[in-house]
Amino acid sequence: MRTESVTTPFGRRPMTLALVKRQLVSADIKPGKTAEKWKVFRDASEARALLGIQDRALAVLDALLTFYPESELSQDRAMIVFPSNTQLSVRAHGITGTTLRRHLAALVEAGLISRKDSANGKRYARKDRQGGIEDAYGFDLAPLLARAEELALMAQDVADRRAHFRRVKETLSICRRDVRKLISAAIEEGAPGDWGAVEAIYIALVSRIPRTPTVADLEEILDEMQLLQSEVLNRLDLHEKSEKTDSNDVRFERHKQNSNTESINELEPSSEKEQGAKPSEIGGRQREPLKAFPLGLVLKACPEVGNYGPGGAVGSWRDLMAAAVVVRSMLGVSPSAYQDACEAMGAENAAVAVACMLERAGHINSAGGYLRDLTKRAVRGEFSLGPMLMALLKAGDGQKRRVS
């Protein structure tokens with residue numbers, strides 16, 4: 001970028017095209033425009049991270065504004081202040097000269113103030129016969145007025161991001177607490193399952209939370225924590241229903257033994273019908289629909305399926321289902337087997353199952369038979385996508401650690 005130098009009290013500094021552009025914008029302020037100076041300052045303070053300035057720079061800006069006598073910045077009045085470095089240092093809480101110059105330059109670079117230099121580089125005001133200021137040289141506050149609306153929007157954006165971060169953090173804390181309670185309750189009550197492995201996954205997730213996390217860090221861990229929560233609830237739900245089924249079987253067995261009008265042979269025809277029926281035709285045995293998982297989490301666990309989406313990428317559930325059709329054919333799964341899976345699991349979950357199968361294709365002898373087995377288990381309420389996704393996520397994390 002081509003630059004030119006201008007003389008200042010602190011030597012020569014480069015005049016970049018960006019600075020020239022900001023000065024032109026400041027000069028083109030709408031006639032009659034005004035803004036309450038301390039509101040603009042508060043907006044700039046809120047947006048300091050986006051502006052790239054530090055707290056000390058804001059202290060210098062605050063000091064500059066105290067030298068402007070009016071409460072409102074106005075296009076109708078000159079907005080140039082001309083304090084000496086000594087006066088500025090006093091009002092900026094004793095900031096040193098070197099630090100003062102650095103933060104003044106930062107405010108200029110951020111486009112919050114501009115310089116109006118005199119011929120000798122000094123800051124001063126020339127007054128008329130009536131004592132009014134005829135011309136002044138120093139720091140121009142016009143950029144604050146010119147960018148008042150922009151700074152307000154930036155401050156609102158920062159506030160919205162902070163609120164979103166707080167909501168995600170609170171949601172993760174609640175989910176984390178609930179999962180911990182569920183795992184502890186399952187272990188204490190002796191629920192069947194490898195709860196030690198589940199607890200290890202939980203501990204690994206918690207250990208991945210950085211000391212100073214970003215919202216992206218928290219959202220990623222929240223997705224996986226919610227997945228783990230769904231899996232724990234699924235297991236406990238299956239255990240509870242299994243206990244109810246066992247209890248019902250005992251009562252039903254007693255009923256059969258005490259009945260003289262029913263026999264085992266009379267129940268066999270309906271069982272034979274069920275064996276030849278499609279998953280969607282078996283009444284009273286299908287569980288509630290499988291829980292859906294976030295698409296981003298699915299793609300993280302099953303990255304290979306993205307290569308088979310429209311245009312070589314998967315950006316929506318529709319893309320994932322289209323990719324699953326291609327993968328189904330490639331793996332040798334018949335259309336009828338995939339249709340049965342869609343009816344039993346739902347189209348989205350069937351696509352996820354196929355994506356998981358693609359990741360483990362080298363370990364599956366018969367993809368069609370494997371999918372039919374998953375479909376039967378889904379009909380009986382014995383299948384969950386959670387363990388498949390968690391296993392693939394864990395395997396992917398392990399591979400990344402080995403590579404690094």
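## A tour of cores and salt bridges

Begin with aspartate 157, which at 29% relative accessibility counts as partly exposed; like everything on this tour, this residue is seen in a predicted model. Keep aspartate 157 selected and add arginine 161, since the side chains of the two meet in a salt bridge, with N to O at 3.1 Å. Both residues belong to helix α8 (residues 148-189), and because they are 4 residues apart in that helix, about one helical turn separates them. Arginine 161 counts as exposed, at 52% relative accessibility.

Next, select helix α2, residues 37-46, which holds both lysine 39 and aspartate 43, again 4 residues apart and about one turn of the helix from each other. Their side chains form a salt bridge of 3.1 Å, taken from N to O. Colouring by accessibility shows how the two partners are placed: aspartate 43 is buried, with a relative accessible area of 13%, whereas lysine 39, at 42%, counts as partly exposed.

Move on to arginine 48 and aspartate 55, which are joined by a salt bridge whose closest N and O atoms are 3.0 Å apart. Here arginine 48 counts as partly exposed, at 33% relative accessibility, while aspartate 55, at 51%, counts as exposed.

For a linked group of charged residues, select Arg208, Glu220, Glu224 and Lys300, which are connected in a network of salt bridges. The structure as a whole holds 15 salt bridges. Side chains of opposite charge can pair when their charged atoms come close.

Now leave the charged pairs and turn to the nonpolar interior. The largest nonpolar core has 62 residues, and those with the most contacts inside it are Met225, Leu228, Leu320, Tyr338, Met345 and Leu389. To see which helix gives the most to this core, select residues 347-359, that is helix α15, which contributes 9 residues. Apart from this core lies another one, of 37 residues, and a selection that includes Leu58, Ile95, Leu112 and Leu145 will bring up some of its members.

As a last stop, centre the view on leucine 228, one of the residues with the most contacts inside the largest nonpolar core. Which residues does leucine 228 touch, not counting those up to four places away in sequence? Show the side chains of Val179, Val198, Ile201, Tyr202, Leu205 and Met390, and the set of its contacts beyond that sequence window is on display.

Terms used:
Residues are numbered from 1 along each chain as its sequence is written. This is a predicted model: local features need pLDDT of at least 70, side-chain atom pairs count only at pLDDT 80 or more; totals for chains, interfaces and linings use all residues. Side-chain values use heavy atoms; hydrogens and water are left out. A nonpolar core is a set of buried Ala, Val, Leu, Ile, Met, Phe, Trp, Tyr and Cys residues joined through side-chain atoms within 4.5 Å. Buried means under 20% relative accessible area, exposed over 50%, partly exposed in between (1.4 Å probe, protein chains only). Helices (H or I, at least four residues) and strands (E, at least two) are DSSP runs, numbered from the N terminus. Contact means heavy atoms within 4.5 Å. A salt bridge is a side-chain nitrogen of Lys or Arg within 4 Å of a carboxyl oxygen of Asp or Glu.
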